[in-house]
Each structure stands twice: as structure tokens, then as C-alpha cells.
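Please work through the exercises below with the sequence and the three-dimensional model side by side. Try each task before reading its solution.

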Amino acid sequence: MHYNLFTELLFEDPDRFRRCLRMNSTLFEDLLEKVTPFIKKQDTHLRQSISPAERLSLTLRHLATGESQESLRLTFRIGQSTISGIIKEVCTVIIHILREDYLRMPSCEDEWRVVANDFGHRWNFYNCLGAMDGKHFKIDPPLQSGSLYYNYKDSFSVVLLAVVDAQLRFIYVDI
């Protein structure tokens, strides 16, 4: 199912592939190459494992669209509890692999000065070191979590706090 769908999109409609996963095929293949050693599972004599490409595309589809795990279950023909585990695992690996290249807090005074100068020149906010915002992401609470994820909006959520530089690149994220 996965192989046919994404192969068809890749060769027949690259623009739809990009809209589906929010990245082009070259970027997808590059990311797949980086995460495969960490997310590849061993086949057994009873069943074949879910391929790294399917694990990655399932996760990216969830992140790109906010599609529910129930909907993904029907699309990918994978059990909901398996999908939940795949998304957690692949997200953790992506963060681990890409953190140093794409989520770097300035580490010295000169780097902080560059950030401040960029804010001044680009946005006319001098001496600014970052733009910060937060967001509640609604979730289905984990079993037996009680009120741990319950918020003041009468729903369950996790909170994302992020800081970006003047080019809108993330320099700090706390979830």
C-alpha cells in the first residue's frame, strides 16, 4: 500500500508528493538515509517489519497535516497503537539527528550579537535576541495520566515553547 502510493506520487505528481509530506522527494530521501539506521526493524520469519520509508512518511504525514492516528490507521493499514509508537520513535530520532544542524542556540557573545543585529536590520527591533511564543497542542491524554496534561482551556494538551531568530529559524524549543 505505502510503496505503491508514494512511488506513484513521486514519479507521477511530485508536487502532490511535496504537499502530502511537506517536503520534496530529494529532501525526503536525504532524511530517510539519516534516520534509517535508527528506525529500521528486523524482519522475522512470522512477518516483515514496517519499512523505514513507511515509518518516516507516516510520521511526516501526521506532522504535516495533523491527521489523526485513526485516519492514518485507515490510510496506512497499520494498528493505532503501532502508529502511536512509530510517531514517538521517529520524532525522537529526527530530533536527535537534526538538532545540531538545525536547532542551535548561539553559544558565544559574537553569535548573540549577530542575532541582535539581524533583528535590528530586518525587523527594526534592535537588541532583540529572539522572538518567543507558545502554543497548546491538543492531545488524547495517555492512560492513567490523571490531570497531568489537563489545561485551563478544559482540554488535554502539551505546550510548545519556541524561540526563533530574525530569519524565523528555531534556536530553542521546549515541549
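The exercises go from the whole chain to one helix and then to one loop residue.

The model is predicted, so local features need pLDDT of at least 70 and side-chain atom pairs count only at pLDDT 80 or more, while totals for chains, interfaces and linings use all residues. Residues are numbered from 1 along each chain as its sequence is written, and side-chain values use heavy atoms, with hydrogens and water left out.

**Exercise 1. The whole chain**

Task: Establish which secondary structure elements the protein has and in what order they come along the sequence.

Solution: Begin by collecting the DSSP runs, where helices are H or I runs of at least four residues and strands are E runs of at least two, numbered from the N terminus. This gives 7 helices and 3 strands, and reading along the sequence yields the pattern α-α-α-α-α-α-α-β-β-β. Next, consider burial, which means under 20% relative accessible area with a 1.4 Å probe, protein chains only; of the 175 residues, 30% count as buried. Finally, take contacts, meaning heavy atoms within 4.5 Å: of those with a separation of 6 or more, 46% are between residues 24 or more positions apart.

**Exercise 2. Helix α3**

Task: Describe how helix α3 starts, where it bends, and which elements its buried residues pack against.

Solution: Start at the N-terminal end of α3, which is capped by N24, a side-chain oxygen lying 3.1 Å from the backbone nitrogen of T26. Then follow α3 through residues 25–39 to E33, where the helix bends by about 35 degrees, with a proline, P37, following within four residues; the bend is the angle between axes fitted to the seven residues ending at a residue and the seven starting there. Lastly, list the buried residues of α3, namely F28, L31, L32, V35 and I39, which pack against α2 (14–21), α4 (52–65) and α6 (80–102).

**Exercise 3. Residue N151**

Task: Locate N151, decide whether N151 is buried or exposed, and find the partners of its side chain.

Solution: First, place N151 in the loop between β1 (131–138) and β2 (157–164). N151 counts as buried because its relative accessibility is 8%. Then look for polar contacts, which are pairs of N or O atoms within 3.5 Å in which, within protein, one must be able to donate a hydrogen and the other to accept it, residues adjacent in sequence counting only if both atoms are side-chain atoms. The side chain of N151 reaches the backbone nitrogen of K153 at 2.7 Å, and a polar contact of 2.6 Å joins the side chains of N151 and S157. To finish, leave aside neighbours within four places in sequence, and N151 is in contact with H136, F156 and S157.

Terms used. Buried means under 20% relative accessible area, exposed over 50%, partly exposed in between (1.4 Å probe, protein chains only).
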